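Biologist: Please take one helix of this model and describe it closely for a first-year student, including what surrounds it.

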Amino acid sequence: MSQLSRRRALGASATALAGLALTGFARTAEPSGPPAAGHGNGEAHSPEGSGHTPAQPKPFDESFKGRRIQGAPSHHGGHHGAGYSVRIDGEELHVMQNADGTWISVINHYETFTSPRAVARAAVVELQGSQLEPLL
Amino acid sequence: MTVRKNQANLTPAEKRRFVDALLELKRSGRYDTFVTTHNAFIMSDTDNGDRVGHRSPSFLPWHRRFLIQFEQALQAVNPDVALPYWDWTVDRSPTSSLWAADFLGGTGRSRDGQVSDGAFAVTAGKWPVSVRVDGRGFLRRALGSGGQQLPTRAEVDSVLAMPTYDTAPWNSASDGFRNHLEGWRGLNLHNRVHVWVGGQMATGVSPNDPVFWLHHAFIDRLWAQWQARHPGSTYLPAAGTPNVVNLNDVMRPWNDVTPADMLDHTRHYTYDTAA
């Protein structure tokens with residue numbers, strides 16, 4: 001029993017590693033369920049919130065202008081409870097969702113985009129080939 | 001008393017003093033602490049969580065306090081220096097004197113966005129970009145490259161006409177003066193200027209570009225103008241609102257200053273012309 005659980009856990013980890021190579025993406029290896037609440041985020045619970053939680057965007061994984069861009073819901077809420085993680089060539093891009101459902105990133109922090117994929121693509125253009133610094 | 005002037009009216013000596021004080025703050029390491037603080041707030045201020053520096057009512061008093069602290073740091077280098085402001089409704093071209101080599105330097109070259117003239121060009125050796133979000137250690141700009149125009153005076157006036165300071169839900173979805181000035185909603189004033197400048201100014205580490213201070217000094221002046229136009233209006237929310245800074249709540253990171261303390265800028269500085 002414990003052996004089975006362990007193998008299942010290992011299997012899930014291996015899937016996550018093969019797919020996206022970080023634990024924050026492990027959720028994509030699980031059956032779809034209600035989105036995990038971002039810790040400390042208070043989405044949908046805050047009386048001062050916008051009154052709804054925008055739908056979680058789907059994962060993506062593609063090559064764009066020679067860079068690998070990936071996005072997926074993150075179990076642990078990502079950096080500062082974003083609830084969705086985006087990577088460019090494996091390095092995490094800090095993203096944030098606005099109350100109206102649009103997205104920004106630390107690379108384009110004053111301009112809104114309709115999806116995490118659009119934010120990732122805009123960051124690739126802005127980076128002109130340079131690497132993201134690891135998040136502090 | 002500190003008098004903040006329109007950057008377009010600075011004398012060559014005033015420009016030199018300002019630039020030299022910036023370079024000295026950079027050399028001493030003080031400058032980068034301001035970049036770090038700003039980035040920490042911009043990454044942690046969220047629409048449905050705690051929010052202090054941005055996307056919240058305290059956007060204006062927070063930046064007022066942040067600029068006062070920065071100006072005091074400049075004045076510790078040279079007491080004759082004051083923060084100038086950039087009225088981007090008037091000086092709205094990459095050929096404005098603001099961007100000349102004797103002041104902030106111009107736009108970036110097309111290949112990599114690198115600013116290559118003036119005191120802040122990496123080639124001048126005195127402006128390393130150390131607090132950064134990517135591998136590039138040089139100041140970058142792309143003035144107006146997105147094809148967007150800077151806000152016009154008519155657009156500014158339409159926002160100044162809004163009588164209510166801020167509204168629930170007190171974030172980037174709010175109606176009211178603060179959010180329209182910040183730019184998450186409506187015509188978009190403050191945010192659009194960051195995007196127009198491009199380079200680091202469009203990122204979370206925007207204070208890496210010295211124009212950050214001139215932009216925010218003008219945003220601060222627009223708040224003063226709004227106050228003059230609406231003497232019956234004041235900062236909101238008054239009290240009891242979770243996750244946001246109410247009128248008499250203290251603001252991080254100082255923890256000893258409230259929005260109420262920041263309402264009257266004339267206790268700290270005045271502007272060259274009446275607000």
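**A helix and its neighbours**

Modeller: In helix α2 of chain B, the buried residues (under 20% relative accessible area with a 1.4 Å probe, protein chains only; exposed is over 50% and partly exposed lies in between) are Tyr31(B), Asp32(B), Phe34(B), Val35(B), His38(B), Asn39(B), Phe41(B), Ile42(B) and Met43(B). The model is predicted, and local features need pLDDT of at least 70, side-chain atom pairs pLDDT 80 or more, while totals for chains, interfaces and linings use all residues. Residues are numbered from 1 along each chain as written, chains are lettered from A and ligands numbered from 1 in the order written, and side-chain values use heavy atoms, without hydrogens or water.

The helix itself covers residues 30-44, which makes 15 residues. Helices (DSSP runs of H or I, at least four residues) and strands (E, at least two) are numbered from the N terminus. From first C-alpha to last, α2(B) reaches 22 Å, close to the 21 Å expected, that is, 1.5 Å times one less than its number of residues.

What do the buried residues of α2(B) pack against? From chain A there is β5 (95-97). From chain B there are α1 (12-28), α3 (59-77) and α7 (211-229).

One of these neighbours, α3 of chain B, holds Glu71(B). This residue counts as buried because its relative accessibility is 3%. Leaving aside neighbours within four places in sequence, Glu71(B) is in contact (heavy atoms within 4.5 Å) with Thr2(B), Arg4(B), Ala82(B), Leu83(B) and Tyr269(B).
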